[in-house]
Amino acid sequence: MPHPALSESRITGAARLAGVIGWPVTHSRSPALHNHWLARYGLDGAYVPLPVAPGRLAEALSGLRACGFRGVNITLPHKEAAFALCDSLDDSARGAGAANTLVFTEDGRIHGLCTDGTGFLDNLRAHGVDPLAGPALILGAGGSARAIAAGLLGLGVPVTIANRTPERAEALCAALPGLARLDWADWAAALGRFALLVNTTSAGMGGTPALTPDLAAAADSLTVADIVYVPRLTPFLAAAEARGLRCVGGLGMLLHQARGGFSAWFGIDPVVDDALAALVGADIPER
């Protein structure tokens with residue numbers, strides 16, 4: 001493996017191309033992340049932001065495939081549309097009901113993956129947390145909750161969800177056999193039953209009120225994870241830290257979920273390390 005300081009990215013007519021599709025896409029940290037890896041490994045390639053308006057995803061994917069792109073990441077608002085446009089789906093995408101990573105195959109097909117679940121699990125392991133340590137409780141019932149729940153269930157971990165809107169929780173339980181449900185008002189009192197607590201709600205993002213959990217009933221061995229990474233120590237994690245519990249922030253999930261796409265497009269399973277975290281998280285406040 002070349003040393004990062006000695007590696008150089010190079011662009012030729014044979015460059016491998018990939019990117020991230022969203023609307024807007026200016027906020028995406030993926031170009032910095034993937035281009036760091038391209039430079040680190042001295043690869044002939046580029047990863048670019050691709051702003052695509054709603055309703056134009058199919059047209060954009062057709063054009064990118066015609067231009068020789070290896071694939072793309074998909075972010076809001078295109079995830080459901082991308083899932084429907086795939087010719088084949090990885091088990092991760094089927095479980096999550098979404099595709100955030102598309103691979104353009106040599107025969108002109110689109111293969112979809114969802115790397116959110118594996119990214120979450122790899123981030124746990126990178127923090128020394130065994131996902132098999134015991135039952136997990138997930139707060140929220142959106143796309144990220146489904147991907148993480150599917151990943152944990154796939155390992156054989158018992159998973160329960162709690163969501164403020166019961167109908168969304170019930171729909172998620174119907175989509176993932178084996179998933180249990182708690183009423184939102186009851187989850188804090190039930191924490192002693194769980195080894196892992198995961199916040200997948202949007203609380204605290206975009207100026208919304210933060211979620212500050214009541215952790216009085218938690219076992220001392222509970223691990224608390226938040227998929228939100230701005231700030232790095234969210235109010236949710238700060239409450240866990242004050243309680244003396246192990247905390248896992250969301251930035252690592254962002255970094256680890258990118259590995260699957262990079263490996264498929266550029267042929268190398270990249271390393272997530274402190275240099276990458278420092279680059280991608282340079283402007284993220286600690287609190």
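Here is a short walk through the model, one selection at a time.

This is a predicted model, where local features need pLDDT of at least 70 and side-chain atom pairs count only at pLDDT 80 or more, while totals for chains, interfaces and linings use all residues. Residues are numbered from 1 along each chain as its sequence is written, and side-chain values use heavy atoms, with hydrogens and water left out.

**The whole chain**

Start by showing everything as a cartoon. You'll have eleven helices and twelve strands on screen; these are DSSP runs numbered from the N terminus (helices are H or I with at least four residues, strands are E with at least two). The C-alpha trace spans about 60 × 40 × 35 Å along its principal axes. Of the 287 residues, 48% are buried, meaning under 20% relative accessible area with a 1.4 Å probe, protein chains only.

**Helix H1 and its cover**

Now select residues 30-40, helix H1. Which residues of H1 are buried? Color Ser30, Pro31, Leu33, His34, Trp37, Leu38 and Arg40 to find them. Their cover includes strands S1 (16-22), S2 (45-51) and S3 (71-74), along with helices H9 (251-257), H10 and H11 (274-280). Just after H1, click on glycine 42, which has a positive phi of about 60 degrees.

**H1 meets H10**

Keep H1 and add helix H10, residues 259-266. Their axes (lines fitted to C-alpha atoms over the stretch in contact, with angles from 0 to 180 degrees between N-to-C directions) come within 11 Å and cross at roughly 45 degrees. H1 and H10 are therefore oblique to each other; under 35 degrees would count as roughly parallel, over 145 as roughly antiparallel, and 65 to 115 as roughly perpendicular. To see the contact (heavy atoms within 4.5 Å), show His34, Trp37 and Leu38 of H1 with Arg259, Phe262, Trp265 and Phe266 of H10.

**H5 meets H6**

Next, select helix H5 (residues 116-126) and helix H6 (residues 143-154). How far apart are their axes? The axes are 7 Å apart, at an angle of about 65 degrees. H5 and H6 are therefore roughly perpendicular to each other. Turn on side chains for the contact: Asp116, Gly117, Phe120 and Leu121 belong to H5, and Ala147, Ile148, Gly151 and Leu152 to H6.

**Zoom back out**

Finally, show the full chain again and look at contacts between residues with a separation of 6 or more: 66% of them join residues 24 or more positions apart.

How values were computed
Buried means under 20% relative accessible area, exposed over 50%, partly exposed in between (1.4 Å probe, protein chains only).
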